[in-house]
Amino acid sequence: MTLHHDTLLLIARILLVLMFPFSAIDKVLDWKSALVQANSSFLPGGAVLLVGGMVIETVLPTAIVLQWHAQPAALLLAGYCVVTALLFHPFWRAGDFWVQGTSVDRSNFWDFTKNFGLAGGLLLVALGAGLS
């Protein structure tokens, strides 16, 4: 049994953006923790940033999956991934990257690299790969 090319492209787009709507839901369900993280950067207005993030994490993935302005949506979402990696996952700050056991820096490092990996996949979509 072979999956049709268009079906595989749809599955790939869904898998690429699957985490974003769940991230938005998590922000709603755990607003206090999400607000603490939103306020952890130098940018003011954590609640506004948080709501903006939830809109981005809901609307742009939907546009990508449905192929409605998918290329600009993917470019914006890639930028969002890079910005959030730099602002909210500064693995270089805590100084505990090399300690054994639980490490804030290592946790942030994996989130940081995950964001950049997602940005790479989204840039492929922005360039037109996986859209037709």
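How accessible is Phe91, buried or partly exposed? In this predicted model, Phe91 has a relative accessibility of 22% and therefore counts as partly exposed, since the buried class is reserved for values under 20%.

**View 1. The aromatic cluster.** Six residues, Phe91, Trp92, Phe109, Trp110, Phe112 and Phe116, form one aromatic cluster. With ring centres required to lie within 6.5 Å of each other, the count comes to six aromatic pairs.

**View 2. The pair of Phe91 and Phe112.** The rings of Phe91 and Phe112 are arranged edge-to-face, with 5.1 Å from centre to centre and 70 degrees between the planes. Because Phe91 lies in the loop between helix H5 (70-88) and helix H6 (104-126), whereas Phe112 belongs to helix H6, this pair ties together parts that are 21 residues apart in sequence. Phe91 is partly exposed, while Phe112, at 14% relative accessibility, counts as buried.

**View 3. The pair of Trp92 and Phe112.** Trp92 also forms an aromatic pair with Phe112, and this pair is edge-to-face, with a centre-to-centre distance of 5.8 Å and an angle of 90 degrees between the planes. Trp92 lies in the loop between H5 and H6 and Phe112 in helix H6, so the pair ties together parts that are 20 residues apart in sequence. The relative accessibility of Trp92 is 48%, and Trp92 therefore counts as partly exposed, a class that ends at 50%.

Terms used
Residues are numbered from 1 along each chain as its sequence is written. This is a predicted model: local features need pLDDT of at least 70, side-chain atom pairs count only at pLDDT 80 or more; totals for chains, interfaces and linings use all residues. Side-chain values use heavy atoms; hydrogens and water are left out. Rings of Phe, Tyr and Trp (its six-membered ring) pair if their centres lie within 6.5 Å; planes under 30 degrees apart count as stacked, over 60 as edge-to-face and the rest as tilted. Helices (H or I, at least four residues) and strands (E, at least two) are DSSP runs, numbered from the N terminus. Buried means under 20% relative accessible area, exposed over 50%, partly exposed in between (1.4 Å probe, protein chains only).
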